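Here is my note on the model. The points run from the metal site outward to the cores and a few single residues.

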Amino acid sequence: MKVEVKNVSILDVKADVIIVNLFEGVKVPAGVTGIVDKAYKGVISDFVIKKEKFTGKYGEIYKLPITAEGKKIIIAGLGEQKSFDYVKLRNLNAKIIKSLKSDDNAKTVVSILHGAGIAGLCPEGCAKMITEGVLSGVYDFDKYKSEKSENKVKEFIIAETDKEKYKKAKKGVEKALVIGEAVNRARDLINDSAQYIYPETLADYAVKNSGVKTTVYNKAQVKKMGMNAFLAVGQGSVHEPKFIHMEYKSEKAKKKIAIIGKGITFDAGGLDLKPPSSMLTMRDDMSGAAAVIETMRAISILKPDIEVHALVAACENMPSGSSYKPGDVIIAKNGKSIEIDNTDAEGRVTLADALCYAEELKVDEIIDIATLTGACMVALGTVASGVMGNNDKKIKEFIENAEKAGERFWQLPMYEEYGDSLKSDIADTKNTGGRNGGASAAGIFLSKFVEKTPWVHLDIAGTAFLDNAGSEGIKGAQGIGVRSLIEFLTA
Ligand code: BES
Ligand code: MN
Ligand code: ZN
């Protein structure tokens, strides 16, 4: 599907569908919507608003039947002007495109640059969000269905007459095409079954798709590297663990960053087996890994002036005769001993070694992204992801970039007391303690494996995979983190 901006009037584009908009309560359309209204003899003001009582409430979509020249006009409600933002813009476009996807008469769609008019949002950001919305709108995971859902929208054009706005919008669309594709690819990888996606195939995927130099370490090599905590988690599976290291470096790089994605390709819980309902979607436990792999691919195209190392300790957490056991004591890469209190708190055990590895790379900053705790999901629901770390400035910087990227991260506390429950009688730390404050306790556990590097920890357990369609209209994998990571790394 093609998405582009044209420096022309919306009326001069040959299209099957024209999309305009209205803020809530507007009776006389202004701007481009006003121009379209006049061109079609007041059909929006006299018919849609007056007769059909279209109010412009956010998400309201009115489809006018075909005009004389065979065009369909869609009027999208933007809601209250003061509460309109990028997230709403993206989700609205996803919704519109989803509704057109199977329409035989929607091959070419032309849209107004929503938000860049009276709402006063930046044209680049608006074009970016519209494009991301369009790419989300056509997303579907139908790999295993005999009947594929064909997308009938072949071309989406944003029409903008103002030369300056047009130029900015063009930049926005170009970036969004890379980002949107990365998000959809991450969704595909996460949605795919754990029967096909296990450490070896995930590593192969990274080699073939990350777009950057990728080294895969096997079990023997990982053992030599001292990553016994990571190996312990994977030892109950028939699939061999793999450690994946992806590298991107710009010649002008002034900063070196490590991004680590939790890569549990399936989390059965191990010997502390999960109940069926909790295990059902645990193929999503590599959402962090998918996010960093696709982020690397995107930055290999966008080419920011930095150096990035993406790391994934990929393994499966399974119960078997060779599984790690409650009460086991494992020595992590930095020499700290971990008493296994619960084998289902495996992500942090693998991340412990990955964090040590990242520090040895002497990076300036570390970001980890993980479907880490059910507790984070209880705290923030599916609406926002959690963020913690050892450096408030970096955390703030990340949240701001995420906001720009249209993703919500909410800081959770890391008070020392959250670590009390991790005290062990026989080792330096246990991997879990009580149930209360579980997201923060996990954060404290991870902090023991970061000595001096500014570090940001992202807990996406609640947001990575949804049982019901979320605000972008998509069920299952969301591709959370991809947009924020790319924004952070290309800022
Ligand atoms: N992968 C899970 C966390 C998770 C829960 C992700 C729900 C997505 C949705 C993690 O490995 C886990 O099992 N965590 C346990 C930790 C507990 C044993 C301390 C949890 O949250 O229940
Ligand atoms: Mn688990
Ligand atoms: Zn897990």
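**Notes on the predicted model**

1. Asp 267 bridges two metals, the zinc ion (ligand 3) and the manganese ion (ligand 2), and these ions lie 3.2 Å apart. The model is a predicted one. Read the distances and angles below as computed from that prediction.

2. Take the zinc ion (ligand 3). Which protein atoms are its donors? They are Lys 262 (NZ), Asp 267 (OD), Asp 285 (OD) and Glu 346 (OE), at 2.0 to 2.4 Å from the ion. Along the sequence, the spacing of these donor residues reads K-x4-D-x17-D-x60-E. Two of them link distant parts of the chain: Lys 262 sits in strand β9 (residues 256-267), and Asp 285 sits in the loop between α9 (276-279) and α10, 23 residues apart. Both Lys 262 and Asp 285 are buried.

3. The geometry at the zinc ion (ligand 3) is octahedral, with six donor atoms and angles of 78 to 174 degrees among them. For reference, ideal angles for six octahedral donors are 90 or 180 degrees.

4. Now the manganese ion (ligand 2). Its protein donors are Asp 267 (OD), Asp 344 (O), Asp 344 (OD) and Glu 346 (OE), lying 2.1 to 2.2 Å from the ion. Asp 344 is listed with both O and OD. The donor spacing along the chain is D-x76-D-x1-E. This site also draws on distant parts of the chain: Asp 267 belongs to strand β9, while Asp 344 is in the loop between β12 (337-339) and α11 (347-360), 77 residues apart.

5. Why is the manganese arrangement irregular? The six donor atoms around the manganese ion (ligand 2) subtend angles of 72 to 169 degrees, and this makes the arrangement irregular. Octahedral would require every pair that is not opposite to fall between 65 and 115 degrees, and opposite donors to be over 155 degrees apart.

6. Buried or exposed: how do the two aspartates, Asp 267 and Asp 344, compare with the cut-offs? Asp 267 has a relative accessible area of 3%, so it is buried. Asp 344 has 22% relative accessibility, so it counts as partly exposed. The cut-off for buried is under 20%.

7. Ligand 1 shares residues with the metal sites. It is surrounded by 16 residues, and the closest are Asp 267, Lys 274, Asp 344, Glu 346 and Gly 374. Three polar distances are worth checking. An oxygen atom of ligand 1 is 3.2 Å from an N or O atom in the side chain of Lys 262. For the side chain of Glu 346, the distance from an N or O atom to an oxygen atom of ligand 1 is 2.9 Å. With Asp 285 the ligand atom is a nitrogen, 2.9 Å from an N or O atom of the side chain.

8. Next, the packing. The largest nonpolar core has 51 residues, and Leu 202, Met 246, Ile 259, Met 296 and Phe 398 touch the most other members. Helix α10 supplies the largest share of this core, eight residues. A second, separate core holds 41 residues, among them Ala 232, Ala 258, Ala 358 and Ile 444.

9. What does Met 296 touch, not counting residues up to four places away in sequence? The contacts are Ser 210, Val 212, Met 246, Glu 247, Tyr 248, Ile 259, Val 308 and Ala 310.

10. Arg 90 deserves a look. This residue is in helix α3 (residues 86-100). Its relative accessible area is 3%, so Arg 90 is buried. The side chain of Arg 90 makes a polar contact of 3.3 Å with the side chain of Glu 132. A polar atom of the Arg 90 side chain also lies 3.1 Å from the backbone oxygen of Ala 405. Leaving out residues up to four places away in sequence, Arg 90 touches Met 129, Glu 132, Gly 133, Ala 405, Gly 406, Glu 472 and Arg 483.

11. Finally, two backbone angles. Lys 53 has a positive phi, near 55 degrees, although it is not glycine. It is in the loop between α2 (43-51) and β3 (61-64). At 60% relative accessibility, Lys 53 counts as exposed. Lys 303 also has a positive phi, near 50 degrees, in a residue other than glycine. Lys 303 lies in the loop between α10 (287-302) and β10 (307-317). With 54% relative accessibility, Lys 303 counts as exposed.

Technical notes: Residues are numbered from 1 along each chain as its sequence is written. Chains are lettered from A and ligands numbered from 1 in the order in which they are written. This is a predicted model: local features need pLDDT of at least 70, side-chain atom pairs count only at pLDDT 80 or more; totals for chains, interfaces and linings use all residues. Side-chain values use heavy atoms; hydrogens and water are left out. Helices (H or I, at least four residues) and strands (E, at least two) are DSSP runs, numbered from the N terminus. Buried means under 20% relative accessible area, exposed over 50%, partly exposed in between (1.4 Å probe, protein chains only). Donors are N, O and S atoms within 2.8 Å of the metal (3.2 Å for Na, K and Ca); water is not among the atoms, so sites may look incomplete. Four donors count as tetrahedral if all angles lie between 85 and 135 degrees; four count as square planar and six as octahedral if opposite donors are over 155 degrees apart and all others between 65 and 115; anything else is irregular. A nonpolar core is a set of buried Ala, Val, Leu, Ile, Met, Phe, Trp, Tyr and Cys residues joined through side-chain atoms within 4.5 Å. Contact means heavy atoms within 4.5 Å. A residue is near a molecule or strand if one of its heavy atoms lies within 4 Å of it. A polar contact is a pair of N or O atoms within 3.5 Å; within protein, one must be able to donate a hydrogen and the other to accept it, and residues adjacent in sequence count only if both atoms are side-chain atoms.
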